[in-house]
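Q: Please take a close look at one part of this model and set it in the context of the whole.

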Amino acid sequence: MNSSTSLASFAISSSSLPSLPSLQTRSITCKQRFSFPSVNPKKLPTLRFSSTITRAAEYKFPDPIPEFADAETEKFRNHLLKKLSKKDMYGESVEEVVGLCTEIFSTFLHSEYGGPGTLLVLPFVDMADAINERGLPGGPQAARAAINWAKDHVDKDWRGWTSGSGDNN
């Protein structure tokens with residue numbers, strides 16, 4: 001045995017167990033080797049994450065901007081109406097499906113969205129659930145179309161809106 005190896009022994013004897021008339025007890029001994037390499041703690045790299053983590057924890061996302069939410073909701077509605085109208089599965093329900101998705105998306109933008117890093121999946125799950133709960137067709141497909149549009153446009157539009165160089169209407 002070298003210095004980096006230790007031997008652990010565990011024993012359970014019949015005298016340490018409660019006596020039960022219907023059970024037989026016997027002594028069990030287990031031996032296992034644990035090997036620990038020699039480590040020089042002075043050679044371990046020091047972690048410099050604490051200041052980065054502190055700065056990240058202190059970052060406050062901006063509050064939602066109602067004018068941005070209104071403009072983005074209108075873009076979203078127009079896109080989703082055009083996209084879902086092309087699909088036969090919605091039939092006469094297309095307006096109601098788009099209305100549900102738009103209402104949920106608008107509520108999210110007005111209350112939760114504060115710029116890049118705050119676009120959540122939950123509103124899109126809520127869209128699919130609301131469509132399905134009302135017995136309307138194509139909940140998952142509508143939610144997928146909505147989230148694909150949002151991930152391609154919302155953060156980019158926010159940057160344009162807040163930088164002053166984008167189209168704010």
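How much area does the protein expose, and what share of it do carbon and sulfur atoms supply? Which residues of α3 are buried, and against which elements do they pack?

A: The protein exposes about 12100 Å², and 54% of this area comes from carbon and sulfur atoms; accessible areas follow the Shrake-Rupley method with a 1.4 Å probe, and for residues only the protein chains shown count as cover. The model is predicted: local features need pLDDT of at least 70 and side-chain atom pairs 80 or more, whereas totals for chains, interfaces and linings use all residues. Residues are numbered from 1 along each chain as its sequence is written, and side-chain values use heavy atoms, without hydrogens and water.

Mean pLDDT (the predictor's confidence in each residue, from 0 to 100) is 79, with 62% of residues at 70 or more. Over residues 1-17 the pLDDT is below 50, and beyond near neighbours in sequence this stretch has 30 contacts in the model (heavy atoms within 4.5 Å).

The elements run β-β-α-α-α-α-α from the N terminus; helices (H or I, at least four residues) and strands (E, at least two) are DSSP runs, numbered from the N terminus. Helix α3 covers residues 94-111, and its end C-alpha atoms lie 26 Å apart, which agrees with the 26 Å expected for 18 residues (1.5 Å times one less than the number of residues).

Of the 169 residues of the protein, 29% count as buried (under 20% relative accessible area; exposed is over 50%, partly exposed in between; 1.4 Å probe, protein chains only). In α3, the buried residues are V94, V97, V98, L100, C101, T102, I104, F105, S106, F108 and L109. These buried residues pack against α2 (66-85), α4 and α5 (139-163).
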